Amino acid sequence: MNYKNYIFPNSKNINIYERIKQMELESKNEENIFVYPYNLDNALSLIQQAVSGENEDRIFYTYLIENAPNDEDKEIITGIRNNEMDHFRMFRQIYYDITGNMLPKVRAEEFVPPKSYCDGLRDALLGEQNAVRKYRQILYAMQPRVHINMLTEIITDEIRHGILYNYLYSKNNCNS
C-alpha cells in the first residue's frame with residue numbers, strides 16, 4: 001500500500017517501505033486502536049465495510065421514505081439519506097488518498113424490508129450508533145487534517161442522525 005500522505009514517527013532518513021515493515025514487526029501481537037500507524041489497516045478495512053453497504057443503505061432509505069406516514073418524516077429521512085451519500089463519497093476519497101486505489105464496487109445484497117416502519121426506524125437508530133463506534137476507530141488512524149475534519153463531520157452527522165431517528169421513533173409511538 002502507498003501511505004504517501006502519512007507521518008511516521010521516528011522515520012528520519014528511513015525508506016518509507018522499510019519503516020512500514022519495521023512497524024509491522026514491532027506491532028505483531030499489538031492490537032491498539034489508538035496508536036497510529038498500527039491502526040491504519042483496521043481503519044482501511046472499516047472504510048471498506050462502510051462503503052460496501054452503500055447500495056443496500058440507499059434501498060433501505062428509499063423504503064423508509066416511501067413508508068413514512070407524513071411529510072415531516074419524509075423530509076428528515078431524505079436529509080439523512082443525502083448526508084449518507086456524502087459520507088460514502090468522503091470515505092471513498094479518504095481511502096483513495098491513503099492507498100492510491102479506488103474502492104471496488106461491491107455486489108449488492110438482497111434487501112429484506114423491515115416488518116414495519118417503526119422496525120425500520122429502530123434498525124436505523126441502532127445502525128447509526130454502530131456506525132459511530134466504527135467511525136471513531138477510523139478517526140484514530142487519520143493523520144492529515146483534512147481527513148480528521150472529514151471524519152469529524154461524518155461522526156457528528158451520525159450522532160445527529162441517531163437523534164433524529166430517536167425523535168421519529170418517539171413521535172410515531174414506536175414503543176412496542
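**Helix packing and a disulfide in an all-α predicted chain**

With a relative accessibility of 63%, Asn173 counts as exposed (over 50% relative accessible area, against under 20% for buried and in between for partly exposed; 1.4 Å probe, protein chains only). Asn173 is found in the segment after α6, and Asn173 has a positive phi of about 50° although Asn173 is not a glycine. The model described here is predicted, with local features needing pLDDT of at least 70, side-chain atom pairs counting only at pLDDT 80 or more, and totals for chains, interfaces and linings using all residues. Residues are numbered from 1 along each chain as its sequence is written, and side-chain values use heavy atoms, with hydrogens and water left out.

The chain contains six helices and zero strands (DSSP runs numbered from the N terminus: H or I of at least four residues for helices, E of at least two for strands). Along the sequence, the pattern reads α-α-α-α-α-α. Of the 176 residues of the chain, 41% count as buried. Contacts (heavy atoms within 4.5 Å) between residues at least 6 apart in sequence join residues at least 24 apart in 75% of cases.

One example of parts brought together from far along the sequence is Val35, whose C-alpha atom is separated by 7.4 Å from that of Ala141, 106 residues apart along the chain. Val35 sits in the loop between α1 (16-27) and α2 (40-52). Val35 has a relative accessibility of 26% and so counts as partly exposed.

Two helix pairs can be described in turn. In one, the axes of α3 (residues 54-67) and α5 (residues 117-140) come within 10 Å and cross at roughly 140° (axes are lines fitted to C-alpha atoms, for helices over the stretch in contact, with angles from 0 to 180 degrees between N-to-C directions). The two helices α3 and α5 are therefore oblique to each other (under 35 degrees is roughly parallel, over 145 roughly antiparallel, 65 to 115 roughly perpendicular, and the rest oblique). Their crossing is left-handed (the near helix is turned anticlockwise from the far one by less than a right angle; clockwise would be right-handed). On the α3 side, the contact is made by Phe60, Tyr61, Tyr63, Leu64 and Asn67, and on the α5 side by Tyr117, Gly120, Leu121, Asp123, Ala124 and Glu128. These residues divide into seven nonpolar, two polar and two charged (Ala, Val, Leu, Ile, Met, Phe, Trp, Tyr, Cys and Pro are nonpolar, Asp, Glu, Lys and Arg charged, and the others, Gly among them, polar).

In the other pair, the axes of α4 (residues 71-99) and α6 come within 10 Å and cross at roughly 155°. That angle makes α4 roughly antiparallel to α6. Here too, α4 passes α6 in a left-handed crossing. The contact of α4 with α6 has 14 nonpolar, five polar and nine charged residues.

The structure holds one disulfide (a pair of cysteine sulfur atoms within 2.5 Å). The disulfide joins Cys118 to Cys174, with an S to S distance of 1.9 Å. Distant parts of the chain are linked in this way: Cys118 belongs to helix α5 and Cys174 to the segment after α6 (145-171), 56 residues apart. The torsion about the S-S bond is about -65°, so the disulfide is left-handed. Its two ends differ in exposure: Cys118 is partly exposed, with a relative accessible area of 22%, whereas Cys174 is buried, at 1%.
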